[in-house]
Amino acid sequence: MAEFVRRVRNTSEVERQSAEGQLEKRGIFTGAYAVNPFNGAEVPLYLADYVLGSYGTGAIMAVPGEDQRDFDFAVVYELPVVKTTERPEGWTEPIYTGPGRKINSANNEGFSLDGMSVDEAKAAGIAWLGERGLGNAKVNYRLRDWLISRQRYWGCPIPIVYCAEHGAQPVPEEDLPVLLPDDVEFLPSGESPLRRHEGFLNATCPKCGGPATRETDTMDTFVDSSWYFLRFCDATNATAPFDPEKIGRWMPVDQYIGGIEHAILHLLYARFFTKALADLEIVPAAIREPFQRLFSQGMIRLGGSKMSKSKGNVVSPAQFFESHGADALRLFQLFVGPPGDDADWSDQGVDGASRFLGRVWRLATGEAGLPPVDRDETDADRAVIRGRHALVGKVTEDFDRWAYNTAVAACMEYVNDLYKYIQSDGGPRRETLDEAVAHLLLVLAPMAPHISAELWERRHRAGAHIHDEPWPTYDPELAKAETVTMIVQVNGKVRDRIDVDAAVTEEEMEKVALASARVQEHLGGRTPRNVIIVRPKLVNIVG
């Protein structure tokens with residue numbers, strides 16, 4: 001335990017938060033237990049490095065049913081996963097963080113939060129603890145003073161001059177903005193070159209007209225990025241930062257995309273600026289938040305390191321435009337992994353994307369498989385139609401949640417199915433194949449726009465443009481799979497794959513999994529200590 005504590009102390013909070021996939025090395029049981037005041041249950045106490053001392057009290061009550069990191073930790077350390085909020089119908093993910101009615105909360109004193117909304121349950125739980133002297137509500141603020149001055153040239157000048165008689169004085173409004181000189185000399189002295197620029201440094205006191213010196217520190221560039229989105233709404237305005245009417249029309253930003261390094265300071269400052277400007281009635285009072293949604297993208301690395309010209313580990317996309325085409329490069333970057341994660345560059349990955357697009361080309365141009373025929377619909381056709389609806393539904397949902405890699409995977413899987421279909425006895429039904437290829441191209445169009453546009457025009461008419469077409473629709477009922485493959489794990493290792501009804505219940509999943517001969521062989525007659533179920537695709541048996 002002492003070694004674990006020592007290692008964690010020597011690791012920064014940033015590194016600890018980004019160390020995904022290493023949970024088996026990131027916790028240790030203390031041997032002690034705490035008593036849950038609501039139900040008297042003993043709760044095991046773990047040291048875990050993903051819990052940050054600077055957050056709250058530095059200790060958490062883990063909720064693996066409603067937090068991904070807690071869930072991952074619970075799976076590794078074989079801890080129970082208790083669902084405390086009712087899931088929406090059809091929810092299959094292991095965790096749920098949305099609204100809903102509370103469940104599994106009754107205690108032996110007759111107190112229960114079941115049926116309450118999340119907000120109602122929080123209030124009732126706090127009141128129950130307060131009545132018994134076990135706890136009380138408290139709001140923690142972690143705001144700190146922000147030192148915005150920087151000893152550097154790049155940045156907005158701070159509009160202050162210093163007079164020997166009157167001290168610090170603001171530059172008059174009519175003399176704003178203060179502009180940086182463009183003839184400074186940069187020396188390896190560690191100080192701003194503005195300190196040595198006589199034309200910038202020497203000024204006049206606005207109060208007495210005597211000699212003064214200008215502030216040579218510049219503002220943190222976070223000051224600019226804390227409101228630049230407001231300026232973008234009215235970028236050509238020469239008389240004011242922006243017109244409030246235009247702010248009311250364009251704000252808030254629908255979707256903000258940025259690196260993970262922006263997710264704390266920049267966004268905190270941007271929200272603070274926006275709220276302060278709304279309080280000061282400089283922007284419309286209704287604009288209280290600058291951004292509706294945030295997405296933090298990952299980086300493409302080379303050799304395990306961030307690409308950088310200074311390191312010389314940069315891949316030029318131009319070479320792949322010539323050898324593979326822009327669409328193959330785009331598709332590889334979408335398919336390489338979740339867009340929020342860092343990923344390693346791979347020439348072979350671009351090769352694979354190019355081969356897939358070649359298969360799409362041969363499919364859409366009729367160069368592969370048997371020629372289509374006009375005939376009545378069969379079970380094989382209905383399977384393709386179901387797959388078409390499932391593809392559109394899957395890609396639509398994946399786009400909404402930024403899961404481009406799984407959207408590409410769904411297209412690849414559907415192309416595999418179509419190849420089996422066009423090579424089956426009797427050949428494909430013309431209407432079924434035409435609709436299947438059309439919908440495939442439509443969902444591929446945002447990801448591989450060039451090949452999709454070319455094939456669309458070839459299959460329709462001269463001048464027909466796929467990017468003028470509406471997004472395809474789908475029928476959720478037709479998209480439903482009749483069966484799914486359920487993966488069964490024993491202590492985290494896959495031991496069996498079983499086809500089950502897509503509407504299977506958790507109870508049925510557990511029963512089928514435990515009846516598997518392969519599972520029983522690895523349990524060796526032991527009674528499972530825990531069974532974790534992610535309906536309908538996963539059963540993890542802890543033996």
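Start by selecting tyrosine 162: its bridge partner in strand S5 is alanine 168. As you look around, keep in mind that this is a predicted model.

**The sheet**

Now widen the selection to strand S4, residues 160–163, which is joined to S5 by four bridges, with the two strands running antiparallel. Strands of a sheet pair through backbone hydrogen bonds, either parallel or antiparallel. Add the remaining members and you will have an open sheet of four strands, ordered S5-S4-S7-S6, with antiparallel pairing. Which strands stand at the edges? Select 167–170 for strand S5 and 202–204 for strand S6: each has a single partner strand, so one side of each is left without a neighbour in the sheet. If you look along the sheet, neighbouring strands are turned by 45° against each other on average, direction ignored.

**The second largest pocket**

Next, show Cys156, Pro177, Met219, Trp227 and Pro241, which lie nearest the centre of the second largest pocket, among its 17 lining residues. Helix H6 (221–225) and helix H9 (265–279) are the elements that give two or more residues to this lining. The space in the pocket comes to about 790 Å³. How do the lining residues divide into nonpolar, polar and charged? Colour them by type and you will find 15 nonpolar, two charged and no polar.

**Lysine 511**

For the last stop, go to helix H18, residues 506–514, where lysine 511 has its place. Is lysine 511 buried or exposed? Its relative accessible area is 66%, so lysine 511 counts as exposed, the cut-off being over 50%. Finally, draw a distance from its C-alpha atom to that of proline 428: the two are 83 residues apart along the chain and separated by 40 Å.

Technical notes. Residues are numbered from 1 along each chain as its sequence is written. This is a predicted model: local features need pLDDT of at least 70, side-chain atom pairs count only at pLDDT 80 or more; totals for chains, interfaces and linings use all residues. Side-chain values use heavy atoms; hydrogens and water are left out. Buried means under 20% relative accessible area, exposed over 50%, partly exposed in between (1.4 Å probe, protein chains only). On a 1 Å grid over the protein atoms alone, a cavity is a set of points where a 1.4 Å probe fits but cannot get out, and a pocket is an open set with protein on both sides within 12 Å along at least five of seven lines; lining residues have an atom within 4 Å of a point. Grid points are joined across faces, edges and corners, and a volume is the space filled by probe spheres set on the points. Ala, Val, Leu, Ile, Met, Phe, Trp, Tyr, Cys and Pro count as nonpolar, Asp, Glu, Lys and Arg as charged, and the others, Gly among them, as polar. Two strands pair if DSSP finds at least two bridges between them. Axes are lines fitted to C-alpha atoms, for helices over the stretch in contact, and angles run from 0 to 180 degrees between N-to-C directions.
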